[in-house]
Amino acid sequence: MNNILIARHRRALTLVEILVAVGLLSAVMIPVMLTFGAGSRGLTMSAEDLTTHTAALELVEQMMAAPFDLVPTGVFPHDRIRDNQAMSPATPLRFHISDVPGIERRMTVSEVSKNGVVRFKKIAVTVTMTGQNAKGSGRSVTVKTLLAKEN
Amino acid sequence: MTVSRESAKPPYIRYRGFTLVEMLVVMAIATLLIGGIVLLLTQFRRGFSKGEETGVALQEAGMFLAMLRNDLINAVPDPTLPPEKRQESVRATPTGISFPVYTGERDRTARITYSYQPADTRGSISRAVDGGRPRTLVNGRVASLTWEVCTEQITATGPGSGTKRIWIDVHARIGGQGKAGVKGREIVLTTKLFPARLIRQLN
């Protein structure tokens, strides 16, 4: 047994092997990472929902609490719905609106008649998240209700 | 039998040790990797705590506002007050708001009281029915809370003259700094609540 040679052949990893390994690791880790982001987004959406619902109900409730005959009909864009601003020339009622940044309100009030008599007023309020610095999500919520003439 | 000199030697394999530089490089890389992973996990853990705190604050803020709104919708004029003073049925102080509500049980009314207990760090809000045991709605998360009863009477001539309107202006900041020093997102509630039943009965 002369010159026993122990060959220790060590082959390096090829680029393809490394790329496959990195790809597999990414495939496993990316969904894990995205899970954390999804949780944060969910909270942001919940906070936006609370803000938009609160703003929509504020407007709907004050219309519901007003005397039926004084509730004006028509389309009320965002710039007409201002705090302490008259709802319309036909009514002495004024809007009472909280200052909430990053939202836009829009309201539609229409009459529902039966046999020529106005029985209901249909109120639809849409609140859209515009966000500050135009970075809002653009999500919106619409609250609809019927106001009945009670007498 | 002759044994050659070479074959008498054990098979010789030359193993070279790691140099100090190699060890230092490996240790530095390992430290960076482990440090990165620990930092990442710490941030995830902090993010979870923050998210949990924000979620609880959102839930408590939403529940408080929903209950107050629902109670105010069912608020009725205080029968113990003379008719000309019944628009004062909703009483508010910096630490509490109280009003009678229609319960639907044998046409009786119950007095609902919301109490705000301010604290150095974060206060709490509770609700009690007819002076009973208060139920905590927001526990140690209220940064600030104000509620103000606003009234309006339309004096202009023509339709609607004399119409009385009442609303409660609510401003609350809930969350932010939670319990055990966990900092979450602050929920800002700014709204006006209209007690529809009370307004109709006053008009």
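## Chain B at a glance

Of the 203 residues in chain B, 35% are buried. Keep in mind that this is a predicted model. Chain B has three helices and seven strands, and if you walk along from the N terminus the elements come in the order α-α-β-β-β-β-β-β-β-α. As for how far its contacts reach along the chain, take those between residues at least 6 apart in sequence: 48% of them join residues at least 24 apart.

## Strand β2 of chain B and its two partners

A good place to start in chain B is strand β2, residues 96-102. Six of its seven residues are buried, so the rest of the structure largely encloses this strand. Buried here stands for a relative accessible area under 20%.

On one hand, β2(B) pairs with strand β1 (residues 91-93) of chain B, in the antiparallel sense and over three bridges. The two strands make a hairpin, with two residues between them. To find the pairing by eye, look for Thr93(B), which sits opposite Gly96(B) of β2(B).

On the other hand, β2(B) is joined to strand β3 (residues 109-117) of chain B by seven bridges, again with the strands running antiparallel. Here the pair to look for is Tyr102(B) with its bridge partner in β3(B), Thr109(B).

## Where the chains meet: α1(A) against α2(B)

Now to a helix pair with one member from each chain. Two packed helices are described by the angle between their axes and the distance between the axes. For helix α1 (residues 15-64) of chain A and helix α2 (residues 20-73) of chain B, the axes come within 10 Å and cross at roughly 20°. Angles under 35 degrees count as roughly parallel, so that is the label for α1(A) and α2(B). The crossing itself is left-handed.

Which residues of α1(A) and α2(B) meet? From α1(A), the contributors include Met33(A), Phe36(A), Leu43(A), Leu50(A) and Leu57(A). Across from them, α2(B) brings in residues including Leu40(B), Phe44(B), Phe48(B), Leu58(B), Leu65(B) and Ile73(B). Glycines take part too, among them Gly51(B), Gly55(B) and Gly62(B). The contact residues split into 13 nonpolar, six polar and two charged.

## The sheet in chain A

Chain A has an open sheet of four strands, ordered β1-β4-β5-β6 and paired in the antiparallel sense. Its edges are β1 (74-76) and β6 (140-148); each has a single partner strand, so one side of each lacks a neighbour in the sheet. From one strand to the next, the twist averages 15°.

Inside the sheet, strand β4 (residues 103-114) of chain A and strand β5 (residues 117-129) of chain A run antiparallel and are joined by 12 bridges. One pair worth picking out is Val109(A), whose bridge partner in β5(A) is Ile123(A). Helix α1(A) turns up again here: it packs on the sheet, touching β4, β5 and β6 of chain A, and its direction makes about 20° with that of β6(A).

## Two loop residues with positive phi

Most residues other than glycine have a negative phi. Asn84(A) goes the other way, with a positive phi near 65°. Asn84(A) lies in the loop between β1 and β2 (86-88) of chain A, and with a relative accessible area of 46% it is partly exposed.

Chain B has a case as well: Asp130(B), with a positive phi near 50°. Its spot is the loop between β4 (123-129) and β5 (135-153) of chain B. Buried or exposed, or in between? Asp130(B) is partly exposed, at a relative accessible area of 42%.

Methods
Residues are numbered from 1 along each chain as its sequence is written. Chains are lettered from A and ligands numbered from 1 in the order in which they are written. This is a predicted model: local features need pLDDT of at least 70, side-chain atom pairs count only at pLDDT 80 or more; totals for chains, interfaces and linings use all residues. Side-chain values use heavy atoms; hydrogens and water are left out. Buried means under 20% relative accessible area, exposed over 50%, partly exposed in between (1.4 Å probe, protein chains only). Two strands pair if DSSP finds at least two bridges between them. Axes are lines fitted to C-alpha atoms, for helices over the stretch in contact, and angles run from 0 to 180 degrees between N-to-C directions. Angles under 35 degrees count as roughly parallel, over 145 as roughly antiparallel, 65 to 115 as roughly perpendicular and the rest as oblique. A crossing is left-handed if the near helix is turned anticlockwise from the far one by less than a right angle, and right-handed if clockwise. Contact means heavy atoms within 4.5 Å. Ala, Val, Leu, Ile, Met, Phe, Trp, Tyr, Cys and Pro count as nonpolar, Asp, Glu, Lys and Arg as charged, and the others, Gly among them, as polar.
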